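Biologist: Could you take me through one helix of this model in detail, with the neighbours it packs against and the core it belongs to?

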Amino acid sequence: MKVYSTEQKKEMRDRIVALQENSGLSGNEFAVKRLGFSNGSKFSHVRNNFDKPGMVGQETWEIIDKYIQKAESYKGVPTQNLRKVWETCERAYALKKPMAVVGEGGLGKTFALEKYKEYIESQRKFRVVYFDASMVKTNKQFVAGLMRALDCYKPGTMSAQILEMREFAKKQDMLVCIDEVSSMKGPNVTITKDIMTAFRDICGIVMAGAPYFINNLNKGAIRDSHLFSETRDRLFMLPEKLSRPTPEEAEAIFRANGINNEEDLDIVLGRRLNLKVTHGLQKRPSGVFATASTPCEWLNSHLLTIQALAYEQKK
């Protein structure tokens, strides 16, 4: 367990308050929607009583610390992928239809969904529900997790819970974003058919995941497996496919995250393959760039590699 000094608590207080003020949300809204607190008044204690013993618990400080690190560790830039995700969200909300976004890991699906949610909340337009399905393994877990994300959880059978979500959604002005839907392996993916059916013409749904999500549906449909073709046919449009960042986008991302030295940029972007150690950057394994047929092709594996590179640059 990390022990925070009074000075560290004051610094975290100042940083989290700055993030809250920039979000456009009130303190209570920020506490509930961004930090996940069940009681928004906790934020008031963080702001006004951070140095008073017993007023702000250890768990609260750990949550704030983790949120600050996530919020400040990566600076995004506008890319074609971000635009594709946001436009899909806008269409799904406006038409009240289910749509899909697919792309390999690291292409910005989660980042774009989170930023869309933050933007819409700051504009107070409508509610955006974000559900991370990455740890879900069963249909029961999927339904229960989505209910909790919607904030309407009730125990019961899956059919009763889905009906409960439908009735809840009728009273909301919202968009539902289900991230990492590709975690639903094999026939488990067909549970999304029941969700799409329940929310049909009531609210939009955006499902984001790896290409496996669509490939799984297509293969099941070809085999005429039960419910696969029906699930695929519930999607209103063809999936929006994300692509690798262009060399220009990749360079903008690195520069935004503190890597500005031209020699370092040549190395990390694959413009020059001799991996000379420069300015504190550690030498990378020779295989990282060796197979890149275009600059920055290796970024397709995971864009967040730049966090580590930016950290090394600062040391």
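**Helix 7 and its surroundings**

Modeller: In this predicted model, helix 7 (residues 139-150) packs with helix 9 (residues 191-198) at an angle of about 35 degrees, their axes being 10 Å apart. The crossing of helix 7 past helix 9 is right-handed, and the contact is formed by Asn139, Phe142, Val143 and Leu146 of helix 7 together with Ile191, Thr192 and Ile195 of helix 9. Sorted by class, that contact holds five nonpolar and two polar residues, with no charged ones.

Helix 7 also packs with helix 8, here at an angle of about 25 degrees and with the axes 10 Å apart; because angles under 35 degrees count as roughly parallel, helix 7 and helix 8 are roughly parallel to each other. Helix 7 passes helix 8 in a left-handed crossing, in which Asn139, Lys140, Val143, Leu146, Met147 and Leu150 of helix 7 meet Met158, Gln161, Ile162, Glu164, Met165 and Phe168 of helix 8. By class, this contact has eight nonpolar, two polar and two charged residues.

Turning to the interior, the largest nonpolar core has 36 residues, and those touching the most other members are Phe142, Leu150, Met165, Val176, Ile178, Phe199 and Phe213. Helix 7, helix 8 and helix 9 are among the elements that each supply at least two residues of this core, and the largest share, five residues, comes from helix 7. Leaving aside residues up to four places away in sequence, Phe142 touches Phe131, Ala133, Val136, Ile178, Met184, Ile191, Thr192 and Ile195. A second, separate core has 18 residues, including Val85, Cys89, Leu107 and Cys177.

Methods: Residues numbered from 1 in each chain as written. Predicted model: local features only at pLDDT ≥ 70, side-chain atom pairs only at ≥ 80, totals over all residues. Heavy atoms only, no water. Axes fitted to C-alpha atoms, helices over the stretch in contact; angles between N-to-C directions. Helix = DSSP H or I, 4+ residues; strand = E, 2+ residues; numbered from the N terminus. Left-handed = near helix turned anticlockwise from the far one by under 90°. Contact = heavy atoms within 4.5 Å. Nonpolar A, V, L, I, M, F, W, Y, C, P; charged D, E, K, R; others polar. Core = buried A, V, L, I, M, F, W, Y, C linked by side-chain atoms within 4.5 Å. Buried < 20%, exposed > 50% of the residue type's maximum accessible area, 1.4 Å probe, protein only. Parallel < 35°, antiparallel > 145°, perpendicular 65-115°, else oblique.
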